[in-house]
Amino acid sequence: MEQTFIILKPSAITRGLVGDVLLRFQRKGLQITGMKMIKLDEAILREHYAHLVDRPFFPWILSSMMATPVIVMVLKGKDAVNVVRTMVGATNSRVAAPGTIRGDFGMSGQENIVHASDSHDNALIEINRFFKPEEIFDYTLTTIDALYAPDEK
């Protein structure tokens with residue numbers, strides 16, 4: 001099973017969408033193996049968004065992502081990175097497909113509810129950036145047999 005990393009952004013927190021977003025991930029069959037609320041600072045945001053630091057809109061990202069605490073989490077499941085990316089939808093919420101998290105809840109490219117890892121390698125980097133090994137839990141869902149065929153577990 002693959003793990004991926006998620007940030008429920010301040011736009012999800014302030015709009016009261018945390019439960020709605022979590023419910024979608026859980027109903028899909030993704031397993032929450034780590035979750036906590038944290039306050040992001042400029043140093044970790046510069047590391048996390050290093051590919052955007054030199055862009056003119058980066059100060060907006062800093063302001064937005066430090067507006068409230070965020071919820072970071074690790075989700076586990078078969079092809080979790082791709083499954084979550086599909087569920088989340090396009091970065092710009094205005095063009096994200098209906099039925100996706102951003103398409104249903106967002107109206108912005110920046111205030112777009114959630115960050116999701118874009119590759120397996122980045123998921124591992126991001127998980128290690130935000131979680132200590134002892135904050136990730138391995139347990140078996142009681143619904144595992146209803147979620148996967150025997151050769152998919």
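In the predicted model, strand S1 (residues 2-8) is paired with strand S3 in the antiparallel sense, and 7 bridges connect the two. Within this pairing, glutamine 3 has lysine 76 of S3 as its bridge partner, while isoleucine 6 stands opposite methionine 73 in S3. Strand S2 (residues 31-38) is likewise joined to S3 by 7 bridges, and these two strands run antiparallel. Methionine 73 of S3 recurs in this second pairing, where methionine 35 stands opposite to it.

These pairings belong to an open sheet of 4 strands, arranged in the order S2-S3-S1-S4 with antiparallel pairing. The edges of the sheet are occupied by S2 and strand S4 (114-116), each of which has a single partner strand, so that one side of each is left without a neighbour in the sheet. On average, and with direction ignored, neighbouring strands of this sheet are turned by 20° against each other. In general terms, the strands of a sheet pair through backbone hydrogen bonds, in either a parallel or an antiparallel manner.

Strand S3, which spans residues 70-77, is mostly covered, with 8 of its 8 residues buried. The burial extends to both faces of the strand: Val70, Val72, Val74 and Lys76 are buried on one side, and Ile71, Met73, Leu75 and Gly77 are buried on the other. Lysine 76, the bridge partner of glutamine 3, is thus listed among the buried residues of S3. Helix H7 (residues 120-130) lies across S1, S2, S3 and S4, and runs at about 60° to S1.

Attention may next be given to the helices. Two packed helices are described by the angle between their axes together with the distance between those axes. For helix H2 (residues 18-28) and helix H5 (residues 80-88), the axes come within 12 Å and cross at roughly 135°. The two helices are therefore oblique to each other, since an angle of this kind falls outside the ranges counted as roughly parallel, roughly perpendicular or roughly antiparallel, the last of which begins over 145 degrees. The crossing of H2 and H5 is right-handed. On the H2 side the contact involves Arg24, Phe25 and Lys28, which meet Val83, Val84, Met87 and Val88 in H5. By class, the residues of this contact divide into 5 nonpolar and 2 charged, with no polar residue taking part.

Methionine 87, located in helix H5, has a relative accessibility of 15% and counts as buried, because this value lies under the 20% limit. When neighbours within four places in sequence are left aside, methionine 87 is in contact with Arg24, Phe25, Lys28, Leu30, Thr100 and Ile101. Among these, Arg24, Phe25 and Lys28 are the H2 residues that take part in the contact with H5. Methionine 87 and glycine 16 are 71 residues apart along the chain, and their C-alpha atoms are separated by 19 Å.

Asparagine 92 is placed in the loop between H5 and helix H6 (101-105). The relative accessible area of asparagine 92 is 24%, and the residue is therefore partly exposed, the value lying between the limits of 20% for buried and 50% for exposed. Apart from neighbours within four places in sequence, asparagine 92 is in contact with Ser108 and Gly109. Asparagine 92 and lysine 76 are 16 residues apart in sequence, whereas their C-alpha atoms lie 25 Å apart in space.

Terms used
Residues numbered from 1 in each chain as written. Predicted model: local features only at pLDDT ≥ 70, side-chain atom pairs only at ≥ 80, totals over all residues. Heavy atoms only, no water. Axes fitted to C-alpha atoms, helices over the stretch in contact; angles between N-to-C directions. Parallel < 35°, antiparallel > 145°, perpendicular 65-115°, else oblique. Left-handed = near helix turned anticlockwise from the far one by under 90°. Contact = heavy atoms within 4.5 Å. Nonpolar A, V, L, I, M, F, W, Y, C, P; charged D, E, K, R; others polar. Buried < 20%, exposed > 50% of the residue type's maximum accessible area, 1.4 Å probe, protein only. Pairing = 2+ DSSP bridges.
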